[in-house]
Amino acid sequence: GAVLALASLMAGAAWQTSTRAAALEQALAAPAAPSPVAQARRSEAETVRIRHVNHAIRTLNMPIAALLRAMEPPQDLPVSLLNVQVAEAEPATGRGTLRLQAQAADSNDMARYVAYLADRRPLTAAVLTQHEQDDTAPARPYRFTVEVRWQP
């Protein structure tokens, strides 16, 4: 009887030890929950890093060659492109905006160029936002700004 009681006691102790070991293993395998302050700091840092990475990816994915081809005026349209500014593309849609500064000999060529841009892919819209006639130059050319929307 004593041997059976001792064996029963040892079996119960072994079962408790294995149950505790399993619980300890499970606790060690689960990731430790960070404090709310540490989690908030990490989330802010991760959010900033993700924002920068996404910006770099959008910049690398920008269809520069296609945009340059679309902005180049045809041979019969005497327009000079003076400056191009690129606004960051919208994250959700991939659409972006270009601000072009150009010069044309007269108002007709200026209007023709804006209409030309509006029909070129990947450009989706072109709006004349500013124009002036340069009275200091002998030919009195028109300098103008066009905002152009594009989509990949």
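D109 counts as buried, at 9% relative accessibility. In this predicted model, that residue is a useful way in. D109 forms a salt bridge with R112, and the closest N and O atoms of the pair are 3.5 Å apart. The two sit three residues apart in helix α4, residues 107-118, so about one helical turn separates them. R112 is partly exposed, with a relative accessible area of 39%. The pair therefore joins a residue under the 20% cut-off for buried to one that is partly exposed. A third residue joins in: D76, D109 and R112 are linked in a network of salt bridges. In general, side chains of opposite charge can pair when their charged atoms come close.

Now take the helix itself. α4 has 12 residues, which at 1.5 Å a residue should span 16 Å. Its end C-alpha atoms are 17 Å apart, in agreement with that expectation. Which residues of α4 are buried? They are D109, M110, Y113, V114 and L117. Seen down the axis of α4, these buried residues fall within an arc of 140 degrees, so they line one face of the helix. That face has several partners. The buried residues of α4 pack against α3, β1, β2, β3 and β4.

The strands come next. Four of them form an open sheet in the order β1-β2-β4-β3, with antiparallel pairing. The edge strands are β1, residues 79-87, and β3, each pairing on one side only. On average, neighbouring strands of this sheet are turned by 20 degrees against each other, direction ignored. α4 packs on this sheet and touches β1, β2, β3 and β4. The direction of α4 makes about 160 degrees with that of β3. Helix α3, residues 64-71, also lies across β1, β2, β3 and β4. It runs at about 35 degrees to β2.

Look at the pairing around β4 in detail. How many bridges join β2 to β4? Nine bridges link β2, residues 96-104, to β4, residues 142-150, and the two strands run antiparallel. Within this pairing, L98 has V148 as its bridge partner in β4. The bridge partner of R99 in β4 is E147. β4 is also joined to β3, residues 123-133, by nine bridges, again antiparallel. There, A125 has R149 as its bridge partner in β4. In a regular strand the side chains alternate between the two faces of the sheet.

R99 and E147 are linked a second way. Beyond their bridge pairing, they form a salt bridge, with the closest N and O atoms 2.2 Å apart. This pair ties together distant parts of the chain: R99 lies in strand β2 and E147 in strand β4, 48 residues apart. How accessible are the two residues? R99 counts as partly exposed, at 35% relative accessibility. E147 is partly exposed as well, with a relative accessible area of 26%.

The whole structure holds four salt bridges. One of them joins R140 to D135, with the closest N and O atoms 3.1 Å apart. D135 counts as exposed, at 55% relative accessibility. R140 is partly exposed, with a relative accessible area of 39%. R140 is placed in the loop between β3 and β4. Its backbone deserves a look too. Phi of R140 is near 50 degrees, a positive value in a residue other than glycine.

A further backbone feature lies in the loop between α4 and β3. Where is R121? R121 has its place in that loop, between α4 and β3, and P122 is found there too. The peptide bond from R121 to P122 is cis, with omega near 10 degrees. R121 counts as exposed, at 60% relative accessibility. R121 and Q151 are 30 residues apart in sequence, while their C-alpha atoms are 8.4 Å apart in space.

To retrace the route: the buried D109 belongs to a salt-bridge network with D76 and R112. The buried face of α4 packs against α3 and the strands β1, β2, β3 and β4. Those strands form the open sheet β1-β2-β4-β3.

Terms used. Residues are numbered from 1 along each chain as its sequence is written. This is a predicted model: local features need pLDDT of at least 70, side-chain atom pairs count only at pLDDT 80 or more; totals for chains, interfaces and linings use all residues. Side-chain values use heavy atoms; hydrogens and water are left out. Two strands pair if DSSP finds at least two bridges between them. Helices (H or I, at least four residues) and strands (E, at least two) are DSSP runs, numbered from the N terminus. A salt bridge is a side-chain nitrogen of Lys or Arg within 4 Å of a carboxyl oxygen of Asp or Glu. Buried means under 20% relative accessible area, exposed over 50%, partly exposed in between (1.4 Å probe, protein chains only). Axes are lines fitted to C-alpha atoms, for helices over the stretch in contact, and angles run from 0 to 180 degrees between N-to-C directions. Contact means heavy atoms within 4.5 Å. The expected span of a helix is 1.5 Å times one less than its number of residues. The arc is that of the directions from the helix axis to the C-beta atoms.
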